[in-house]
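Q: Please take a close look at the second largest pocket. What is its volume, and which residues line it closest to its centre?

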Amino acid sequence: METEAGANVKTIIEPFRIKVVEPIRMTSRQERETIIRRADFNLFRIHAEDVLIDLLTDSGTGAMSSLQWAGVMKGDESYAGAKSWFALERSVRELTGFEQILPTHQGRASERILFELMGGEGKIVPNNSHFDTTRANIEHSGAKAVDLLIEEGKRPTSRHPFKGNMDVAALERLIAEVGVGAIPLVMLTVTNNSGGGQPVSLENIRAVRRVCDQHKLPLFLDACRFAENAYFIKSREPGQADRTVREIVREMFGLADGATISAKKDGLVNIGGLLLLRNAELVRRADELLILTEGFLTYGGLAGRDLEAMAQGFEEVVHEDYLQYRIRSTEYLGEKLLAAGVQIVEPPGGHAIYIDAASFCPHIPPERFPGQALVVGLYRHAGIRACEIGSVMFGKGGQRPPMELVRLAIPRRVYTQSHIDYVIEAIGEVHAQRRALAPLEIAEEPPSLRHFTARFRELA
Ligand code: F0G
């Protein structure tokens, strides 16, 4: 790392010191065997304190900084017009250029308001790839959610630098086919969580914007991981290296008419969300819904202390030493797994590494849940909790998702390199004995979102 002092040491360090620690409760393999059986082989049924390294999600699981905790003490809990609200509004205006900012308790609350206003029967909403809650909120409104990801984004081994890009020609075809009247807005998810945490290039956002302009369509960002996306633009896109991440972020948001944000990711907080809008009539109607279901316009379902922590989080997330550490440490995990012969979605994403469970478990067919077998194996062997994104999550009613993946999502500023080295070593060991991973069947499942509560049986 080229530091200001001129030292030329290559090791990238965590750009923070640790002031508060939370002990990890160690468990033995025998103990974990009892725990996983008692949980019917579903990792969502396990108590968090029985997990050694929790990679279930990067959402709301980050560590706050000393300044954020100081903000918690400063939180103004007034019902209306709290000082903490104005601090957040200022921070987000500076970052994004948006004037109209609505606070919500998390990302899906912003989505629910947006699609109640813009969705509805007969409507079609294109995106590079909709995240599950976005899709669910669109469908709940009666509209249809369509994914228009570029082909490279669907191939695990393609090394395209911006695998989150939208297929612009496919967008034009969709508009020609269904008519502009059927499309209330176009969305872009940055980074593309469902497709491996892959970024969208500035060039692609601009191209989608041009199509939207031609047809007078609004463009919205699902901007949960906007800072990670901007860092990828800076490091990979021709002509962007000399700009600051802040400048790139400003341009990304400047190209959009609105955005939904879960602050649980790049807001560096444990709870919170935002809805950004420009259209005055839309703002008026969104304000009404916000008051109806979230809370008054200056707190939106959050405590004053949460607003204060968010204001500071949105400042810290664009620090380039933080982003360099963040993106590099995820990449480190991905590279080491590839070197150990474990196929992942390449190149490594921003917030997570996605293991190709179908190639990890060639002896387990999709209907016997290779991803679930792997997450059970990782917990049993090393106490690691990961998330299946494959036939358990999406395979209801005999449907098959395109890939059987296991996501290792990295909480922000929580684990050190030795935690990650432990994960790498453990996955290598499970890989060496992967034929021992047992196929599973579902013993009991609810009518929807079965991955959260289903019970499994191992077929030895
Ligand atoms: N959009 C994207 C791209 C997301 O990744 C998420 C959440 C949401 C919207 C919804 O935000 O949870 O605050 O309501 N993703 C989490 C995950 C849950 O584990 O990937 P939320």
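A: The pocket comes first, then the nonpolar cores.

This is a predicted model, where local features need pLDDT of at least 70, side-chain atom pairs count only at pLDDT 80 or more, and totals for chains, interfaces and linings use all residues. Residues are numbered from 1 along each chain as its sequence is written, and side-chain values use heavy atoms, without hydrogens and water.

The second largest pocket has a volume of about 1,500 Å³. A pocket here is an open set of points on a 1 Å grid over the protein atoms alone, where a 1.4 Å probe fits, with protein on both sides within 12 Å along at least five of seven lines; lining residues have an atom within 4 Å of a point. The volume is the space filled by probe spheres set on the points.

Its lining has 38 residues, and V20, E22, A63, R413 and V414 are the closest to the centre. By class, 19 are nonpolar, 9 polar and 10 charged. Gly counts as polar, Pro as nonpolar. Helix α2 (66-74) gives at least two lining residues, as does α12 (320-339). The largest share, 3 residues, is from α2. Helices are DSSP runs (H or I, at least four residues). Domain 1 (29-51 + 319-458) and domain 2 (66-316) each supply at least three lining residues. These bounds come from an automatic or database domain assignment.

Now the cores. The largest nonpolar core has 66 residues, of which F226, F253 and F314 touch the most other members. Both domains give residues to this core, so it lies between them. Core members are buried (under 20% relative accessible area, 1.4 Å probe, protein chains only) and joined through side-chain atoms within 4.5 Å.

Note on methods:
Buried means under 20% relative accessible area, exposed over 50%, partly exposed in between (1.4 Å probe, protein chains only).
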